[in-house]
Each structure stands twice: as C-alpha cells, then as structure tokens.
Amino acid sequence: MPDAFSESRPHAVVIGSGFGGLAAAIRLGARGYRVTVVEKLDAPGGRAYVYRQDGFTFDAGPTIITAPYLLEELWTLCGRRMADDVELRRIDPFYDIRFDDGTVFRATADYDAMRAEVARIEPDDVPGFERFIRESERIYEVAFHQLADQPFHRVATLLRSAPDMLRLGGHRTVYTKVSRYFRNEKLRIAFSFHPLLIGGNPFTTTAYYCLVGHLERLHGVHYAMGGTGAIVAGLVRLIEDQGGTLRLNAEVEQITVENGRASGLRLVGGERIAADIVVSNADVGWTYTKLLSEHKRRRWTDRKLKRARYSMSLVVWYFGTNKRFEDVYQHTMVLGPRYEGLLRDIFKRKVLTPDFSLYLHRPTANDPSLAPPGCDAFYVLAPVPNLASGTDWSTEAEPYRQRIQQRLEETVMPGLGGCIVTSRLLTPQDFRDRLLSVNGAAFSLEPQLFQSAWFRPHNVSEEVEGLFLVGAGTHPGAGVPGVVSSARILDQVVPDPAMLRATAR
Ligand SMILES: Cc1cc2nc3c(=O)[nH]c(=O)nc-3n(C[C@H](O)[C@H](O)[C@H](O)COP(=O)(O)OP(=O)(O)OC[C@H]3O[C@@H](n4cnc5c(N)ncnc54)[C@H](O)[C@@H]3O)c2cc1C
C-alpha cells in the first residue's frame, strides 16, 4: 500500500463506534484519511455491544439484518468480501406475530404464502394486500433508493423531493396509510408495526416507513452467525487493516473549535486529539448540548433540542435457559391486548402501563454456538416511555422484568421460571448513562415528518465547519441500514483529503 500508514494523511476522528461510526471510519479510510475512532465503552458496537456471561453470548441490540448490500459495500471498499469474515444467513419466514388471542401471523418473503396468511385472517383484505405490496414498492423506490443517501443539508434537496413525498403520502402516517388497504385490525397491525423497530410510533411516523416491509422482502431478513457482534468485529478488522486506530475506554468531553472550524477533541481527563475533520456518531442531542457546549450554536440550541421529540426507550431482558424451547421461532412478536392505546401511553402520555407488547429473540434457534449445549439464549424487549416519563428504573426494573417473565410463561414459554440460568437487564437509564443518549431514548430523535430529512440534524453540521454527523439521530435515521446509509453520505460531503493536504502546505 503506497502511503496507507503515512502520518502525513489528513486526520479524521470519529466519536463513537456504533454501526454508523464504524462505517464512517471505513469510508474515510478508503478516501485517504488517517482515521482514529474514539469510543467511551470497553468494546465497539454501541447499541450492537456484545455481553458474554455464564457461557452465553448476547447481542445487546440489532439482530435483524436487512439490506446487507450496504454492509457488503464496506468490504468492497477495502477490496474484500464480507463472506470471508461473516456468515450471513437468510431467515425466512421472517417472524411470527402472535396476537393477544393466540392467533399467529407468519411474515415471509414468499408472496403467495403472505397472501395465504392474509386470506386466513381476513379473505376480504386480499385485494388490499396486493395493492399495498405494489404501493410499498413505489415508496421504497423513492424514499430508500433515491432519498436515503441524499445529504439533506440544502433546502433545495427538500424542495426537489417534496412533490414525490406528497404523491406517496409522506404527509400521512404509517397506520393511516395501511388502514386504506386493510380493514382487519390484526392485519393493520401486522403491516404497520415496522416503525417501532426504529423508534417510531406507527400512528405518527411518516408513511414513508411503509417501505420497510418491501425492503425485507426484496433483500431478505438475515442473521449473522455468531451474532451481530461478528459483523462489528469484521468492521473493526477492516479499519485496522486500513491503518486506522480504535481507542476504547476514551470518552470525548468536548469537540474543540478554532476560528469556527472543528480542530479536534478533548477527552475526559484532559487529553487533546487534533483533527482535520471530526465525525460524531455520538447521540445528536448529546453532541450538540454537551460536546459543543463551549460553542455558540444557531440552529441546534439547548432550547430547540429540549423541545425535540425523542424516540421511546426499551427494557431489554437477556436470559439463558438450561433447556431449549424448540417451539419458539427465532423472531417472535408477542403482542398485548392494546395497540393504539399502548403506543399513546408510551409515546405521548409517557406512562408505564401494566400491559406491553414484546419482541422475543431466540438466536439459538439457528445458531447453537451462542449457548452451552442443550441451552437457549434469548432476549426480550419491551418498548417503554423514555426518561421524560420520570420513571425511576432503579426501583421499577425488577418488578417490570417479573411481569415480562410472567407474560412469556402465559404465552409462548410455559415453565420458563424453572429454567433460567443467567440473566441481565437493560433499562432506559442504561441508554442514558452507558450510551449517553438524551432522555435514555433507544433510537435518538423520533422519526416524525418534521424531524426527518432536512428537518433532522444534518450530516454536515450546521454549527461548525469540518464537523459531520452519522448515526441514528441524523439523516436518514435509526436502524442498521439507516446509520450505514448516513455514513455513505459522507462520501459526498467530506472534503477530499488531497485538497486538505494542499491547503495545509
Ligand atoms: C435493543 C435494540 C434492538 C435493535 N434491533 C435492531 C434490529 O434488529 N435491526 C436494525 O437494523 N436495528 C435495530 N436496532 C437499531 C440499531 O441498533 C441502531 O439504530 C443502530 O445500531 C445505532 O447505531 P449508531 O451508529 O447510531 O450508533 P450507536 O450504536 O448509538 O453507538 C454510538 C456509540 O458512541 C459512543 N459514544 C457516545 N458518546 C460518546 C462520547 N462522548 N465519547 C466517546 N464515545 C461516545 C457510545 O458509547 C456508542 O458506542 C435496535 C436497537 C436496539 C437498542
């Protein structure tokens, strides 16, 4: 490699090693920057951190990998193949949705099988299903293909895309849109719940997110053997092979600014790191209110960020059992009796309710390597209000976990209580204290129309030159495909390192 390890390359520092930060580091390394990733935690991945305990491996966060070509691109940039580092397996059927009355809807990529599932629940909704599938394809083409990797830092981009947004009903909500095609409430739920996977309320999230169903069908739902942590480890290897550095246990306290330009970082403890450009993968609210607290901001002021709408949070219970629950599918939604009312309580009223809807993950259904022989590893997550609710999780956590356990015992895991051998709980307070997420939000800013695209904090910072944002809180938004796309946008907006070197001379 000619000057791959040369210190004369312009220096890019990336704050945070979530999927967005790691993807940004690889892209910047491929462009010719010398890259340092600075991470607060003791291991990379952010929400995709890995917990290992008592012989079990638990992916902390993302488990459903969609649009894997976005990850493959990162390997291609390094002249490699993802398959050499990570074995991705297609999971089809995608998931089971179990309604409160015990009915199960099985989602799959197979059009005829999906049609049959719809007919089994409500024959009159089959024509609506066929039209909805075509509509979600159209939305995908515009919203994902044409807009997700557009830098929305110029209002002109917004104005150019506005007619398409209106034509496709981007001003409507996911639930309203879905309800035009389905009359049966179960089917309305099955085709509208997807925004919850990225922190949005289907009753307020723009109908653009109807694209997720099509994204799943087109590119498949995948699982990384060994867990999502295997992808994170592969990305870190790419960075190191490019000559980049990952510094763990290093918390950034301030982005330093000189003459209106980001000049580097100050770590907690006082160490300074000089940089030609800074990319923040930290929570956007935290980036602006804490990491740029010494800099006067025009758009993303403390006041504006305080009034912003943050996504819901999650309680995630990781547990291992000394027996296998062969009837539990790899991905199962265990829904409660309420949908709209529950979401209103979580997102709007911000109250903790006795009922909940759960997502249960059983990776050992396909990958026994994550648990000792004859055992199963699980996580179950429950959407809950973010910390604006005032809930004190230091007292609420254990009773809440017990209620989740009871619900699982009553529905899909009879006898669970007698076979738990390891357990760990994550609450909204952990999202705040471990991941430095404002309000303990699990998915940063809520994906509402007026917090999307141009209205979302831009990938090119509006406040400081030479500062760029990637990750869930910037455009296009949360979820692995979203944050990896945010890093893709950097290619269009960061300065050419050769130019930076020339101006420095
Ligand atoms: C439980 C759960 C399940 C999910 N499931 C899925 C799924 O199945 N599929 C999917 O596509 N998405 C899923 N998501 C969403 C997805 O995981 C996230 O949107 C995505 O991983 C966030 O990536 P990010 O780039 O924003 O960085 P993050 O993962 O948020 O990482 C940011 C990093 O920055 C570090 N950091 C923050 N502040 C500082 C600082 N001051 N100094 C140094 N470092 C700092 C943090 O420690 C962290 O490591 C899930 C999320 C959760 C929480």
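Arg 217 is found in helix H8 (residues 211-219). The model is predicted: local features need pLDDT of at least 70, side-chain atom pairs count only at pLDDT 80 or more, and totals for chains, interfaces and linings use all residues. Residues are numbered from 1 along each chain as its sequence is written, and side-chain values use heavy atoms, with hydrogens and water left out. Helices (H or I, at least four residues) and strands (E, at least two) are DSSP runs, numbered from the N terminus.

**Exercise 1. State whether Arg 217 is buried or exposed, and list its contacts distant in sequence.**

Step 1. Apply the classes: buried means under 20% relative accessible area, exposed over 50%, and partly exposed in between (1.4 Å probe, protein chains only). Arg 217 has a relative accessible area of 16%, so the residue is buried.

Step 2. Contact means heavy atoms within 4.5 Å. Leaving aside neighbours within four places in sequence, Arg 217 touches Phe 94, Thr 108, Ala 109, Ile 133 and Ser 136.

Step 3. For Ala 109, compare sequence and space: Arg 217 and Ala 109 are 108 residues apart in sequence, yet 4.6 Å apart from C-alpha to C-alpha.

**Exercise 2. Treat Thr 36 in the same way.**

Step 1. Thr 36 belongs to strand S2 (residues 34-38).

Step 2. Its relative accessibility is 9%, so Thr 36 counts as buried.

Step 3. Without the neighbours within four places in sequence, the contacts of Thr 36 are His 11, Ala 12, Val 13, Val 14, Thr 245 and Arg 247.

**Exercise 3. Find the partners of strand S13 and describe its two faces.**

Step 1. Two strands pair if DSSP finds at least two bridges between them. Strand S1 (residues 11-15) is joined to S13 by four bridges and runs parallel to it; Val 13 stands opposite Val 278.

Step 2. Three bridges join S13 to strand S19 (residues 467-469), again in parallel. Here Ser 280 stands opposite Leu 469.

Step 3. In a regular strand the side chains alternate between the two faces of the sheet. In S13 (residues 277-280), Ile 277 and Val 279 are buried on one side, and Val 278 and Ser 280 are buried on the other, leaving both faces covered.

**Exercise 4. Describe the sheet of seven strands and the helix H13 that packs on it.**

Step 1. The strand order is S7-S6-S15-S16-S17-S14-S18, in an open sheet with mixed pairing.

Step 2. The edge strands are S7 (104-107) and S18 (420-426); each has a single partner strand, so one side of each has no neighbour in the sheet.

Step 3. Axes are lines fitted to C-alpha atoms, for helices over the stretch in contact, and angles run from 0 to 180 degrees between N-to-C directions. With direction ignored, neighbouring strands of this sheet are turned by 20° against each other on average.

Step 4. Take one pair: S15 (residues 331-334) and S16 (residues 358-361) run antiparallel and are joined by four bridges. Thr 332 has Leu 360 in S16 as its bridge partner.

Step 5. Helix H13 (residues 393-410) touches S14 (313-321), S15, S16, S17 (376-384) and S18, and its direction makes about 60° with that of S14.

**Exercise 5. Classify two aromatic pairs, Phe 182 with Phe 191 and Trp 393 with Tyr 400.**

Step 1. Rings of Phe, Tyr and Trp (its six-membered ring) pair if their centres lie within 6.5 Å; planes under 30 degrees apart count as stacked, over 60 as edge-to-face and the rest as tilted. The whole structure has 23 such pairs.

Step 2. Phe 182 and Phe 191 lie 4.6 Å apart, centre to centre, with 10° between the planes, and are stacked. Both residues are buried.

Step 3. Trp 393 and Tyr 400 lie 5.6 Å apart, centre to centre, with 90° between the planes, and are edge-to-face. Both Trp 393 and Tyr 400 are buried.

**Exercise 6. State how many disulfides the structure holds, and check Cys 375.**

Step 1. A disulfide is a pair of cysteine sulfur atoms within 2.5 Å. The structure holds zero disulfides.

Step 2. The closest cysteine sulfur to that of Cys 375 is in Cys 419, at 9.6 Å, too far for a bond.

Step 3. Cys 375 is buried, with a relative accessible area of 12%, whereas Cys 78 is partly exposed at 22%.
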